[in-house]
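Visitor: Please take me closely through one part of this model, the sheet and the helices packed against it, and set out how the pieces fit together. I would like one connected account, including any backbone angles that deserve a second look.

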Amino acid sequence: MSSENPRVRAVHPVDAEVVEVPVEASVPPAEHVAGEQPSTPEHDPDEVRIAFLLFPDLTQLDLTGPAQVLARVPGARVEYVAATLDPVPSDCGLALVPTTTIAAAGPADVLVVPGGEGAFDAMLDAEVIGFVRREAERATWVTSVCTGAFVLGAAGLLAGKRATTHWASRPMLGAFGAQPVDDRVVDDGAVVTAAGVSAGIDMALWLAAELAGQPAAEAIQLQIEYDPQPPFDAGSATRADTRIVTAARAAAEDSRGERVARAAAAVMR
């Protein structure tokens with residue numbers, strides 16, 4: 001790694017080993033292999049390479065919100081990475097067009113993993129998890145938005161780390177050895193996670209400040225006129241109708257819990 005790039009931080013995934021880990025289980029932080037030396041990438045300090053992972057049924061705002069911010073970072077070079085170059089359907093019907101494939105993608109300074117219902121299939125996809133692990137070994141920042149955190153968890157990147165995700169699924173992060181945190185943006189070393197959907201914009205602005213300085217990030221915020229003034233105060237589980245919150249959490253557990261347990265069993269030890 002070039003010591004001239006202050007952005008570079010090494011991330012080391014956990015080696016996969018199949019064990020049985022119930023969703024509600026408490027697991028200890030994973031340990032790295034004894035004697036393992038951090039591997040670090042050579043990055044051009046004048047260019048910020050940003051890779052967004054695409055998979056079917058992702059939530060498009062998880063991706064396009066941060067993309068609108070990070071594409072404006074000085075020196076940014078953005079790639080949209082998917083299994084093939086075919087358009088990728090999002091969960092609202094909008095198709096997103098990749099610019100490169102998982103096989104062809106070069107190393108990135110920043111990896112952004114969106115969420116959505118498709119994230120719970122992506123975390124069981126060996127090709128996707130292999131890509132995330134590969135990029136984590138050479139990236140400066142590994143980030144997720146919403147339930148994209150479960151893809152990071154399945155890649156072994158959340159063990160022993162503080163992390164957040166969509167409020168309805170947050171407790172399930174514990175299956176990957178993470179400490180679930182009720183914050184909008186959580187950074188723990190080189191791993192940065194954002195809460196549900198719109199929180200990806202907050203995360204991207206925070207990251208823009210880390211990459212280019214706060215004045216540049218503030219200029220981006222002004223450019224996109226990010227000044228939320230919603231008509232309702234129901235955007236947080238702490239303030240929304242408790243009946244809606246309870247039903248949504250139960251639905252998340254019912255639809256996602258089994259897949260989370262399978263992914264956790266493949267990575268935790």
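Guide: At 66% relative accessibility, Glu225 lies over the 50% cut-off and therefore counts as exposed. The model is a predicted one, and within it Glu225 has a positive phi of about 45 degrees although it is not a glycine. Its setting is the loop between H6 and helix H7 (242-267). As background to that angle, most residues other than glycine have a negative phi.

A second residue of this kind is Cys146, another non-glycine with a positive phi, here of about 55 degrees. Cys146 is placed in the loop between S7 and helix H4 (149-154). With 4% relative accessibility, which is under the 20% limit, Cys146 therefore counts as buried. These two loops lead into the part you asked about, since one of them follows H6 and the other follows S7.

The sheet comes next. Seven strands form an open sheet in the order S5-S2-S1-S6-S7-S11-S10, and the pairing within it is mixed. At its edges are strand S5 (100-101) and strand S10 (185-188), each of which pairs on one side only. In general terms, strands of a sheet pair through backbone hydrogen bonds, either parallel or antiparallel, and both senses can be followed in this sheet by moving from S6 towards S10.

S6 and S7 run parallel and are joined by four bridges, with Val110 standing opposite Trp141 of S7. On the other side, strand S7 (residues 141-145) is paired with strand S11 (residues 191-194), again in the parallel sense and over four bridges. Here Val142 has Val191 of S11 as its bridge partner, while Thr143 stands opposite Val192 in S11. S11 and S10 are also paired over four bridges, but in the antiparallel sense, and Asp187 is the residue opposite Val192 of S11 in that pairing. The hairpin of S10 and S11 has two residues between its strands, and in this hairpin Gly189 takes a positive phi near 70 degrees.

How covered are these strands? For S7, five of its five residues are buried. Trp141, Thr143 and Val145 point one way from the strand, whereas Val142 and Ser144 point the other way, and all of them are buried. S11 is likewise covered on both faces, with Val191 and Thr193 on one side and Val192 and Ala194 on the other, all buried.

As for the helices that meet the sheet, H5 lies across S1, S6, S7, S10 and S11, and its direction makes about 160 degrees with that of S7. H5 is also in contact with two helices, H1 and H6.

Helix H1 (residues 60-70) and helix H5 (residues 199-212) have axes that come within 8 Å and cross at roughly 25 degrees. That angle is under the 35 degree limit, so H1 counts as roughly parallel to H5. The crossing in which H1 passes H5 is right-handed. On the H1 side the contact is made by Gly65, Pro66, Val69 and Leu70, and on the H5 side by Gly200, Ile201, Ala204, Leu205, Leu207 and Ala208. Sorted by type, the residues of this contact are eight nonpolar, two polar and no charged.

The axes of H5 and helix H6 (residues 214-223) come within 7 Å and cross at roughly 140 degrees, and H5 passes H6 in a right-handed crossing. Leu205, Ala208, Ala209 and Ala212 of H5 meet Gln214, Ala216, Ala217, Ile220 and Gln221 of H6. The residues of this contact divide into seven nonpolar, two polar and no charged. Leu205 and Ala208 of H5 are thus named in the contact with H1 and again in the contact with H6.

To draw the part together, S7 is paired with S6 and with S11, its five residues are buried, and H5 lies across S7 along with S1, S6, S10 and S11. H5 is in turn met by H1 and by H6, and the loop between H6 and H7 holds the exposed Glu225 with which this account began.

Conventions
Residues numbered from 1 in each chain as written. Predicted model: local features only at pLDDT ≥ 70, side-chain atom pairs only at ≥ 80, totals over all residues. Heavy atoms only, no water. Axes fitted to C-alpha atoms, helices over the stretch in contact; angles between N-to-C directions. Parallel < 35°, antiparallel > 145°, perpendicular 65-115°, else oblique. Left-handed = near helix turned anticlockwise from the far one by under 90°. Contact = heavy atoms within 4.5 Å. Nonpolar A, V, L, I, M, F, W, Y, C, P; charged D, E, K, R; others polar. Pairing = 2+ DSSP bridges. Buried < 20%, exposed > 50% of the residue type's maximum accessible area, 1.4 Å probe, protein only.
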